[in-house]
Amino acid sequence: MNDFIRLGHGSGGKLSHDLISAILLPAFANTILNEGHDAARFTIQGANLAFTTDSFVVKPLFFPGGDIGRLAVCGTVNDLAVSGAEPLYISASFVLETGFPLADLQKIVNSMAATAREAGVLIVTGDTKVVEKGAVDGIFINTAGLGRLITGVDIKPVNAAPGQDIIVSGSLGEHALAVMRERHGLKFPGEVISDCAPLNSLISELLVAVPQVAVMRDPTRGGLATTLNEIASQANVGILLEEELIPVNPTVCAICQIFGYDPLYLANEGKLILFVESSFSEKTLATLHRHPLGRGARKIGQVTAEHRGLVGLRTAIGGIRLLDMLADDQLPRIC
């Protein structure tokens, strides 16, 4: 490991994985944390709960399809929902730089309130701190979320098993490119809007129809490829994707070709990856397709008993390409 923190340590990719494995997990290890889910799951006096926290440092603060406030609420709601919980309560803490415009803070807070109403959660506590000019980049937001685990649902990464199908709820890479476009003032041949959205209504409908869903994650930092690498490693299974089946918006595809990005590693803020026994795939897809946030859902691959711990991609010409974790950060500070 390098001697100093780099931006890549916040990418959600290999550097983040190494940082967590080398410093955080050994110090904090316990049975709840070691489960490696997006939210901690535990029981208190008979209540089955999920708890999560996240920080948001996106640059710029406002981008097509969202802003740092909407991102903060959606990120916390989604971490709870993909853990099989009904999101209930959120905290919001703000670190503000001296000189930050109150008008921008009002817009961000209004956006958080509207997104919380959309998701059906309450923001019930919070904190504000103000620091000197230059100590932060305008505003950073930290959120925590508490939810109630849905009875009869058991979703965790180690449930991945050979024979399961892998399904994604829609096209990939739109959030990262929408932020990049706004950050650099770029003109693209088509419009790219962030997919930032609370997924709990989609997930609750899905889990009523298909409670057999085994694994669920939202492919945020590090994108699809890094998220699947984490699951393959945690469950000790192989994963084989079919390149031609993976949905990518044509505009995103064109921009990636121009700038050399791989859409499989770009961040998303409103997409799901889920694993389900193949006998439930059709029902899962039909349920996703009925919801506005799942209309682009597709089966993209399978879990295998071969090449455990690895993720492969069958390319359009029939070869197999190994997909490793994101090595560095293609686009830093996208969430």
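**Helices, sheet and a buried histidine in a predicted model**

At 1.5 Å a residue, a span of 21 Å is expected for the 15 residues of helix α1, and the distance of 20 Å between its end C-alpha atoms agrees with this. The model described here is a predicted one, and in it α1 bends by about 40° at S21. The buried residues of this helix are L15, S16 and L19.

The loop that lies between α1 (14–28) and β1 holds H37. The relative accessible area of H37 is 14%, and because buried residues are those under 20%, H37 counts as buried. When neighbours within four places in sequence are left aside, the residues in contact with H37 are V82, S83, I155, K156, P157, M216 and R217.

Beyond this loop, β1 takes its place in an open sheet of 5 strands, which are arranged in the order β1-β2-β7-β5-β6 with mixed pairing. The edges of the sheet are formed by β1 (40–44) and β6 (122–131), each of which has a single partner strand, so that one side of each is left without a neighbour in the sheet. From one strand to the next, the twist averages 20°. Within the sheet, strand β5, comprising residues 85–97, and strand β7, comprising residues 139–149, are paired in the antiparallel sense over 11 bridges. In β7, N142 is the bridge partner of S93.

A further part of the chain is described by a record: in an unreviewed UniProt entry, residues 162–309 are covered by the annotation "domain: PurM-like C-terminal". Over residues 162–309, the chain is 36% helix and 17% strand, and the C-alpha atoms at the two ends are 12 Å apart.

Helix α6 consists of 13 residues, 223–235, and its reach of 19 Å from the first C-alpha to the last is close to the 18 Å expected at 1.5 Å a residue. This helix is mostly covered, with 10 of its 13 residues buried. The buried residues of α6 are G223, L224, A225, T226, T227, L228 and N229, together with I231, A232 and A235. Just after α6, a positive phi of about 55° is taken by N236.

Technical notes: Residues numbered from 1 in each chain as written. Predicted model: local features only at pLDDT ≥ 70, side-chain atom pairs only at ≥ 80, totals over all residues. Heavy atoms only, no water. UniProt positions renumbered as here; feature names shortened; annotations may be inferred. Helix = DSSP H or I, 4+ residues; strand = E, 2+ residues; numbered from the N terminus. Pairing = 2+ DSSP bridges. Axes fitted to C-alpha atoms, helices over the stretch in contact; angles between N-to-C directions. Expected span 1.5 Å × (residues − 1). Buried < 20%, exposed > 50% of the residue type's maximum accessible area, 1.4 Å probe, protein only. Contact = heavy atoms within 4.5 Å. Bend = angle between axes of the 7 residues up to and from the residue.
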